[in-house]
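Me: I've got a structure open and I'd like to learn how to read it. Could you walk me through it, one feature at a time?

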Amino acid sequence: MAMNAGRFALHRPELVSSLLRGDLKLSELLKGSARTLHAGHVLIEANSEHEYVYRLRSGWACRNRAVPDGRDQFILIFLPGDLFAVKSLFVTRHPDRVQILSDAIVERVHYLHLQEAYSRDVDIANLCMWQLTEEERRLHGWVFGLGQGSAEERLALLLMDLRGRLVLSGAIREDALTFEFPLTQVQVGEQLGITPVHTNRVVKSFRERGIAALRNGEVSIQNFAELRRIAEPLMDEYERSAAQYGLKGPQPT
Amino acid sequence: MSEANSKRPAGQTSPSEVSMHLAYAEASVVLLECLLHVLVEKKLVSKTELLDAVDNAMETKKEMADAHWHENIAPVAGAVLAQIANSLRALPEDNEG
């Protein structure tokens, strides 16, 4: 999967060529490791030792935390092109579960193999560091959303974020307003930090107001400008300025 | 329930009594939460008052757990109430009555 420079949110300009080279070199390391995994497959068990770093070629995955009293929170959603479980380079155990959300093609590299490349090749090291920086940016945004955002704002941000990232990865066209959305409403609630009842009401409200419709495994954005208006208070500086998040984004026809 | 079973075609089984109780309990919580949203949307109850009520329920449940009432169920019930409370906090502020 080829990367474009726009994918590296808020990067220092002088790092672009190194990051692009790092991506090509990583592709070499991952070569031949692709395998198909089905929705629901648990790739990494919570609180387990794990030795691989992954990249999604297609499909969706997530990191989530479930506790014995039944509460479950999505932490991050991974989309095509995302490198994930990079922490395998640095830590022995993964505290949270990584699960496949839709049928996916996943590549992997053993941490020792990547560690060797990381220590001898600054391009690989930069790419790994950038991925962790990008995850941190997304997590900071989501912490703000969970702490300060209403359920409507959170759902709007989720849809804007997913669409923007799918455009950047080349999985959908820049003017696409409909895309695959494999999450159930219960899973949407687990991402947004609200109950299934509340999720259902917000989803229904978006549909009835002609903002966006989630059905049959896809989302259709009907009023991009309104969706962005609702999401905007929770968007970070990068999302406010990147074309894929709406400043020059598509308008309904 | 056994009377209802006797009217079913051969090969079809009805849910067990436990499943029926769980289904009614789940349906009750879902219905109650829907009604809570309606109350706030219609501005009949403020979000703050609603959260106070849910906090009250959580505290009661905790007291019951501390008194060893339904020890296995109490933490899960408490988590359900905590989820509802967190979710209600995500209602827009201008919906307050």
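Me: Let's start simple: what percentage of the 253 residues in chain A do buried residues make up?
Reply: A residue is buried if 20 or more other C-beta atoms lie within 10 Å of its own, exposed if 12 or fewer, and partly exposed in between, with C-beta atoms placed from the backbone. In chain A, 41% of the 253 residues are buried. Before we go on, this is a predicted model, where local features need pLDDT of at least 70, side-chain atom pairs count only at pLDDT 80 or more, and totals for chains, interfaces and linings use all residues. Residues are numbered from 1 along each chain as its sequence is written, and chains are lettered from A and ligands numbered from 1 in the order in which they are written.

Me: How many helices and strands does chain A have?
Reply: Helices (H or I, at least four residues) and strands (E, at least two) are DSSP runs, numbered from the N terminus. Chain A has eight helices and 13 strands. Its radius of gyration is 18 Å, close to the 18 Å from the globule rule for 253 residues, so chain A is as compact as a globular protein of that length. That radius is taken over C-alpha atoms, and the rule is 2.2 Å times the number of residues to the power 0.38. The C-alpha trace spans about 55 × 45 × 30 Å along its principal axes.

Me: Which domains does the assignment give for chain A?
Reply: Domain bounds come from an automatic or database domain assignment. Here you get domain 1 (13-142) and domain 2 (149-245), with C-alpha centres 23 Å apart. To see where they touch, use contacts: two residues are in contact if their C-beta atoms, placed from the backbone, lie within 7 Å. By that rule, 14 residues of domain 1 of chain A meet 15 residues of domain 2 of chain A. On the domain 1 side, strand S6 (72-78) and helix H3 (122-148) of chain A are the elements giving two or more residues, and S6(A) has the largest share, four residues.

Me: What kinds of residues make up that side of domain 1?
Reply: For sorting, Ala, Val, Leu, Ile, Met, Phe, Trp, Tyr, Cys and Pro count as nonpolar, Asp, Glu, Lys and Arg as charged, and the others, Gly among them, as polar. The domain 1 side that touches domain 2 in chain A splits into seven nonpolar, five polar and two charged.

Me: And which residues touch the most other members of the largest nonpolar core?
Reply: In soluble globular proteins, nonpolar side chains tend to be buried together. A nonpolar core is a set of buried Ala, Val, Leu, Ile, Met, Phe, Trp, Tyr and Cys residues joined through C-beta atoms within 7 Å. The largest one has 73 residues, and Ala61(A), Leu159(A) and Leu227(A) touch the most other members. H4(A) gives this core its largest share, seven residues. Try clicking on Leu159(A): setting aside residues up to four places away in sequence, it touches Ala212(A), Val219(A), Ile221(A) and Leu227(A).

Me: Where does Gly193(A) lie?
Reply: Gly193(A) is in the loop between H5 and H6 of chain A. It follows H5(A) and has a positive phi, near 75°. Gly193(A) counts as buried because 22 other C-beta atoms lie within 10 Å. Beyond neighbours within four places in sequence, Gly193(A) is in contact with Gln73(A), Leu146(A), Asn86(B) and Ala90(B).

Me: Two of those are in chain B. How many residues of chain A are in contact with chain B?
Reply: 13 residues of chain A are in contact with 14 residues of chain B. Helix H4 (151-169) and helix H6 (196-208) of chain A each supply at least two residues of the chain A side. That side divides into three nonpolar, five polar and five charged.

Me: Is His70(B) buried, partly exposed or exposed?
Reply: His70(B) is partly exposed, because 13 other C-beta atoms lie within 10 Å. His70(B) sits in the loop between helix H3 (47-66) and helix H4 (74-89) of chain B, and its phi is positive, near 45°, in a residue other than glycine.

Me: Last one: what is the mean pLDDT of chain B?
Reply: pLDDT is the predictor's confidence in each residue, from 0 to 100. Chain B has a mean of 85, and 85% of its residues reach 70 or more. Over residues 1-5 of chain B the pLDDT is below 50. The model scores ipTM 0.78 and pTM 0.87.
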